[in-house]
Amino acid sequence: MTEQDKKQQFEQPAQNKLPRLVIILTILVALATAAWTVIPGGAAGSKLLKAEGGVVQIDQADLADGQARYYRVQGADNEINFFLVKSKDGEIRSAFDTCDVCFRAKKGYRQEGDSMICNNCNQAFKTELVGVIKGGCNPAPLAKELRDGKVIIALADLEQGSWYFAAQPQKGSM
């Protein structure tokens, strides 16, 4: 193989590189978009529940692995998003998938290990404190009851937080 042959082997005309770059970028954008809609967290990864008899019910066993589960319920005026997570202390925690500070962004939280992370400002909150500490960027607490192996949440309690998810939310209109 001559020196010229070696050079040609590694040199490609610039015109051939552009289509490859466009294809690679297109694939990356498609993968990012798919990941955004599939990764749990917020409305994209949430399960739609129906209120029956004025309550929604979730099996406690569904939360045994400590992974946050995201849900939504159709309220009187809009969908209401919330999550449940079993913290490492064994308690089941419930909160609206928003906070008093970042609610207008409508980005919710994601779980990383034993913390819930605000998808808007990236602040981390230990799962043991979900529903305990109120205000600021802490997940907004949501009342719940544990009974007969179920997490029971009253539709009336969900409706109290519906303003967070309204098209034009008015903070404090609870």
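This passage describes strand pairing, nonpolar cores, salt bridges and a surface patch in a predicted model.

Strand 2, which spans residues 55-59, has two unlike faces: Val56 and Ile58 lie on the covered face, and Val55, Gln57 and Asp59 lie on the uncovered one. In a regular strand the side chains alternate between the two faces of the sheet. Strand 2 runs antiparallel to strand 10 (residues 150-154), and 5 bridges join the two. Within this pairing, Asp59 has Lys150 of strand 10 as its bridge partner.

The covered residues of strand 2, Val56 and Ile58, recur in the largest nonpolar core of the model, which has 20 residues. Val56 and Ile58 are listed there among the residues with the most contacts inside the core, together with Phe82, Leu84, Phe96, Ile153 and Leu158. Two or more residues each are given to this core by strand 2, strand 3 (69-74), strand 4 (79-86), strand 5 (92-96) and strand 10. Strand 4 supplies the largest share, with 3 residues. Apart from this core lies another, of 13 residues, which includes Tyr70, Val85, Ala95 and Tyr109. In soluble globular proteins, nonpolar side chains tend to be buried together.

The surroundings of Val56 were examined with its neighbours within four places in sequence left aside. On that basis Val56 is in contact with Leu49, Lys50 and Ala51, with Val73 and Phe82, and with Val151, Ile152, Ile153 and Leu158. Among these contacts, Phe82, Ile153 and Leu158 are also named among the residues with the most contacts inside the 20-residue core.

A search of the whole structure gives 6 salt bridges. One of them joins Asp59 and Lys150, with the closest N and O atoms 2.5 Å apart. This pair links distant parts of the chain, since Asp59 belongs to strand 2 and Lys150 to strand 10, and 91 residues separate them. Asp59 and Lys150 are thus linked both as bridge partners in the strand pairing and through their side chains. Asp59 counts as partly exposed because its relative accessible area is 34%; Lys150 also counts as partly exposed, at 26%.

A second salt bridge is formed by the side chains of Asp65 and Arg69, with an N to O distance of 2.9 Å. Asp65 is classed as partly exposed because its relative accessibility is 47%, and Arg69 is classed as partly exposed at 24%. Arg69 is located in strand 3. With neighbours within four places in sequence left aside, Arg69 is in contact with Asp62, Leu63, Phe82, Phe83 and Leu84. The C-alpha atoms of Arg69 and Ser94 are separated by 9.8 Å, although the two are 25 residues apart along the chain.

In a further salt bridge, the side chains of Glu145 and Arg147 meet at 2.7 Å, N to O. Glu145 is partly exposed, with a relative accessible area of 39%, as is Arg147, with 40%. Side chains of opposite charge can pair when their charged atoms come close.

On the surface, Leu129, Val132 and Ile133 form a nonpolar patch with about 230 Å² of accessible area together. Val132 is found in the loop between strand 8 (124-126) and strand 9 (145-147). Val132 counts as partly exposed because its relative accessibility is 48%.

Note on methods
Residues are numbered from 1 along each chain as its sequence is written. This is a predicted model: local features need pLDDT of at least 70, side-chain atom pairs count only at pLDDT 80 or more; totals for chains, interfaces and linings use all residues. Side-chain values use heavy atoms; hydrogens and water are left out. Buried means under 20% relative accessible area, exposed over 50%, partly exposed in between (1.4 Å probe, protein chains only). Helices (H or I, at least four residues) and strands (E, at least two) are DSSP runs, numbered from the N terminus. Two strands pair if DSSP finds at least two bridges between them. Patches are made of residues with over 30% relative accessible area and no salt bridge: like charges are joined within 9 Å, nonpolar side chains (Val, Leu, Ile, Met, Phe, Trp, Tyr) within 5 Å. Accessible areas come from the Shrake-Rupley method with a 1.4 Å probe; for residues, only the protein chains shown count as cover. A salt bridge is a side-chain nitrogen of Lys or Arg within 4 Å of a carboxyl oxygen of Asp or Glu. A nonpolar core is a set of buried Ala, Val, Leu, Ile, Met, Phe, Trp, Tyr and Cys residues joined through side-chain atoms within 4.5 Å. Contact means heavy atoms within 4.5 Å.
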